[in-house]
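Student: Could you take a single part of this model and go through it closely, with every cut-off stated as its term comes up? I would prefer one connected account to a list.

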Amino acid sequence: MDKNLLIQYCDLFAHGDSFRPLTHKFNKTSYKYLTGWSKTGASLMVWDYWNLVAGGAHRPDTVIDTIQPDFKLFQKSGVSCLFIECGCQIFCPQTFSDLQYFIGAQLMINPDENVEKLIKIFNDNYYGPASPVITDYLNEIRKGVKEHPNLQISIRIER
């Protein structure tokens, strides 16, 4: 493969689960595509999606627990460029998007950084005295996302 060619890979989160890492069984097709492109030796770029809200649905969710495993996979796969789509919507704000931006920025510098430590730093400085309550709320959401037994597609709401 020509070294001056940059392959832009985009996750198929209309069919996969953006709330779980690419290594999760629900994302086996996306994982297969990424690792397949990695094996070609081409320069890779990833266009990744973080919890996009669809249809005006208000639901608490977060992709915090996918960021580190996916960034480590991207690093292992030789990804040299990364674009994250996760815009803030005024009428339907996403839960903990600023925290996700902070964690993502820190993990781009060091993918091995302690995520729980980063959450504490962010919450303590962003929420101040409310940090413990907000952190408990965040951990309940994280637990619900992890324990949900079915595929969670970011453009479809399932209860």
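Tutor: A good place to begin is the surface, where Leu12, Tyr33 and Trp37 form a nonpolar patch with about 270 Å² of accessible area together. Patches join residues with over 30% relative accessible area and no salt bridge, nonpolar side chains (Val, Leu, Ile, Met, Phe, Trp, Tyr) within 5 Å and like charges within 9 Å, while the areas come from the Shrake-Rupley method with a 1.4 Å probe, only the protein chains shown counting as cover for residues. This is a predicted model, in which local features need pLDDT of at least 70 and side-chain atom pairs count only at pLDDT 80 or more, whereas totals for chains, interfaces and linings use all residues. Residues are numbered from 1 along each chain as its sequence is written, and side-chain values use heavy atoms, with hydrogens and water left out.

Within the patch, Tyr33 leads to the part I would examine, since this residue is found in helix 1 (residues 28-39); helices (H or I, at least four residues) and strands (E, at least two) are DSSP runs numbered from the N terminus. Tyr33 is partly exposed, with a relative accessible area of 40%, where buried means under 20%, exposed over 50% and partly exposed in between, for a 1.4 Å probe and protein chains only.

The geometry of helix 1 agrees with expectation: at 1.5 Å a residue its twelve residues should span 16 Å, and its end C-alpha atoms are 16 Å apart, the expected span being 1.5 Å times one less than the number of residues. Ser30, Leu34 and Thr35 are buried in helix 1. These buried residues cover an arc of only 120 degrees around the axis, which puts them on the same side of helix 1; the arc is that of the directions from the helix axis to the C-beta atoms. An α-helix has 3.6 residues a turn, so residues three or four places apart point the same way. The face of helix 1 turned away from its buried side carries the exposed residues Lys28, Lys32 and Lys39.

The buried residues of helix 1 pack against strand 1 (6-10), strand 2 (43-49), helix 2 and strand 3 (79-85), contact meaning heavy atoms within 4.5 Å. Ser30, which counts as buried at 3% relative accessibility, touches Tyr9, Asp11, Leu12 and Leu22 when residues up to four places away in sequence are not counted. Leu12 thus appears among the contacts of Ser30 and also in the surface patch. Ser30 and His15 lie 15 residues apart in sequence and 9.1 Å apart in space, C-alpha to C-alpha. Just after helix 1, Gly41 takes a positive phi of about 85 degrees.

To place helix 1 in its setting, the protein follows the pattern β-α-β-α-β-α-α-α along the sequence, and of its 159 residues 41% count as buried. Residues 24 or more positions apart account for 73% of the contacts with a separation of 6 or more.

Helix 5 (residues 131-147) can be read in the same manner: its 17 residues should span 24 Å at 1.5 Å a residue, which agrees with end C-alpha atoms 24 Å apart. Its buried residues are Ser131, Thr135, Leu138, Ile141, Arg142 and Val145. They cover an arc of only 125 degrees around the axis, which puts them on the same side of helix 5, and Pro132, Val133, Asp136, Glu140 and Glu147 are exposed on the other side. What covers the buried residues of helix 5 includes helix 2 (64-76), helix 3 (97-109) and helix 4 (115-127).

One of those buried residues also carries a charge pairing: Arg142 forms a salt bridge with Asp65, the closest N and O atoms being 2.7 Å apart, a salt bridge being a side-chain nitrogen of Lys or Arg within 4 Å of a carboxyl oxygen of Asp or Glu. Arg142 lies in helix 5 and Asp65 in helix 2, so the pair ties together parts that are 77 residues apart in sequence. Arg142 is buried, with a relative accessible area of 6%, whereas Asp65 is partly exposed at 24%. Both residues belong to a network of salt bridges that links Asp65, Glu116, Arg142 and Lys146.
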